[in-house]
Amino acid sequence: MNEPDRTDPSDQALEWVLRHELQRPTASDEAAFQAWLAADQTHLHLYDDAVRTYTIANAARRALGPVAPSNVVTPFPTIAPPSVSAPPSALRSRRWLLGGAGALAASVALVALVPVLRGDVYRTDVGERRMVTLADGSTVHLNGATEIRVRFSDNARRIDLRDGQAMFEVAHDPARPFDVWARDRIVRAVGTSFDIDMQAQTVSVAVDDGVVAILPAESGGNVDTATLRLEKGFALSYAGGQAPGAARAISLDQIGAWRRDMLIFDDVPLETIVAALARRYPGRFAVANRRPSSRRFSGSIVLRERNQTVRDLGRMLSIQVQQRGDQFDFASVTKSGT
Amino acid sequence: MARQFLRLAQGLFLRAPSDRDRSGGVGARVQDADQGTGGDDIEARLRRAFTDIESHLRRRLRRVLGNAADVDEVTQDTYLQAWERRHTIRDQDPRGFLLRTGGNLAIDRKRRDTHRPVAIGDELLEMIVPDAITPERLLIARRDLEAVQAAIEKLPAAQRRALDMSDEGKTLAEIAAALGCGSTHAWRQLHAAYAALHAARLAGGAPNKKRKE
């Protein structure tokens, strides 16, 4: 690309603005631009002025809306405009995003069920969410791809979290401890609210309100000196056969964020994020690293339509996502870019 | 709460989950033990700017859009669009760049909801032209906006269409294909359109016919 040959410096400034805004300038473009700036001290002012016009023009155009198609006069009528086969622009993609968000909202089933039989099983499909009201008045919010079994007796309330993620709001009943069995640990609450996220290797517990106790499953629920106490605003994780990790402080907003269509992650590997997507959206989600990556991710994102969310994450985290139909392979590359 | 989380994030969070996370938010930090945090200077500047400006941006968007769900989506889209176009930031203050991006997206959202032209109030105008913080500057920005809007209405159809497509994110090749011409001609249409608007703005509402094709 050569330097503009227009003689009017104001036109030249506009040309540079358009090049910068609409094209990816090359190194030689940049050198030519710097030379143009240095050639006259008024050029910088002209450039800034052209930027202002560009800014206002775009806002003005958007406010007016696109010209109606019927009023468009194609300057070359002998050549038929091609069908729009290019990738959807950001604007178009967001139009169908709204429809997707609506469908997602519709898929959130708020079902109040009162189990009358012991050993009731509740499960959700991928992308589905349910709120279950238990016989004691406690509520369980099930994330997608989650299964629990509920067994109540006169002196115990036992939930087996078999898979997935659930948030529990426990009715106060000191005579009957509320135990959630998650792999080889029991999370016990008396009257509290907490979230348990069961992933492939680890189980994470986060307390939104009150206190929970975490006991080895083999204790059978008998509290002893090995019992861990986890208070409001703290979380910990454990893996099968290993001692739980240290408790860490956690934002209360982060706990159960999935219920608000949010994905909040704090210093986690890519696998954790991908697992959350797999729970939420239909399709197959996998991490396709050639070698283990030590990259850790923190942040938050609004969960929208599946493909839009995948694109958002790819851009935000500078990760590559390859889609083949319903298969999404996430690659934790280290080079940033979109 | 946000401070607590910020401490946990050791200042590296693009944004800390805050009370706004109750219904929305966007942002990410990547920490790579092998190769550092990565990214060049402009990326770091953009991340810092978003951290600095997010609550301010949200307040502005809330005034303009009026509902939290739209604010969440537009905030997220602001970051994503700014990230995609970060190469255009150059020496600009990225905070202003983010505000302008958010302002433009807010206009899109309002127009899509109403299916009618959007009246740009002072709050939106201050986002789009973030240096317009004094009454006098706001007045100038208002005059500029009206001059440019009037000039847009008078653009030849091909230039107007090129302008629309450019602002919708179409590439030059896509614009050329849609217009049924080559990229060079499409570029000229775009340049002529912006030149006409530039002249109109500088003239304070009198489009310079000489510059129009």
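Here a colleague puts some questions to a modeller about a predicted model.

Colleague: What should I know about numbering and cut-offs in this predicted model?
Modeller: Residues are numbered from 1 along each chain as its sequence is written, and chains are lettered from A and ligands numbered from 1 in the order in which they are written. Side-chain values use heavy atoms, with hydrogens and water left out, while local features need pLDDT of at least 70, side-chain atom pairs count only at pLDDT 80 or more, and totals for chains, interfaces and linings use all residues.

Colleague: Glad to have that. Which element of chain B has the highest mean pLDDT?
Modeller: pLDDT is the predictor's confidence in each residue, from 0 to 100, and its mean over chain B is 76. Helices are DSSP runs of H or I, at least four residues, and strands are runs of E, at least two, numbered from the N terminus. Helix α1 (residues 2-8) of chain B has the lowest mean, 30, and the highest, 92, belongs to α9(B).

Colleague: Is R201(B) buried or exposed?
Modeller: R201(B) is found in helix α9 (residues 183-202) of chain B. Contact means heavy atoms within 4.5 Å, and R201(B) touches residues of both chains, including D49(A), R52(A), R143(B) and D144(B). Buried means under 20% relative accessible area, exposed over 50%, and partly exposed in between (1.4 Å probe, protein chains only). With a relative accessible area of 6%, R201(B) is buried.

Colleague: Which helix gives the most to the largest nonpolar core?
Modeller: Such a core is a set of buried Ala, Val, Leu, Ile, Met, Phe, Trp, Tyr and Cys residues joined through side-chain atoms within 4.5 Å. The largest has 91 residues, and F265(A), F330(A) and I120(B) have the most contacts inside it. Ten of its residues come from the helix that gives the most, chain A's α3 (residues 42-64).

Colleague: Nice. What kind of aromatic pair do F33(A) and W36(A) form?
Modeller: Rings of Phe, Tyr and Trp (its six-membered ring) pair if their centres lie within 6.5 Å; planes under 30 degrees apart count as stacked, over 60 as edge-to-face and the rest as tilted. F33(A) and W36(A) are both buried and lie three residues apart in helix α2 (residues 27-39) of chain A. At 6.2 Å centre to centre and 20° between the planes, their pair is stacked.

Colleague: And how far is the charged end of R158(A) from the ring centre of W181(A)?
Modeller: A charge sits over a ring if NZ of Lys or CZ of Arg is within 6 Å of the ring centre and within 35 degrees of the ring normal. R158(A) sits over the ring of W181(A), and the distance to its centre is 3.6 Å.

Terms used. Lists of a residue's contacts leave out its neighbours within four places in sequence.
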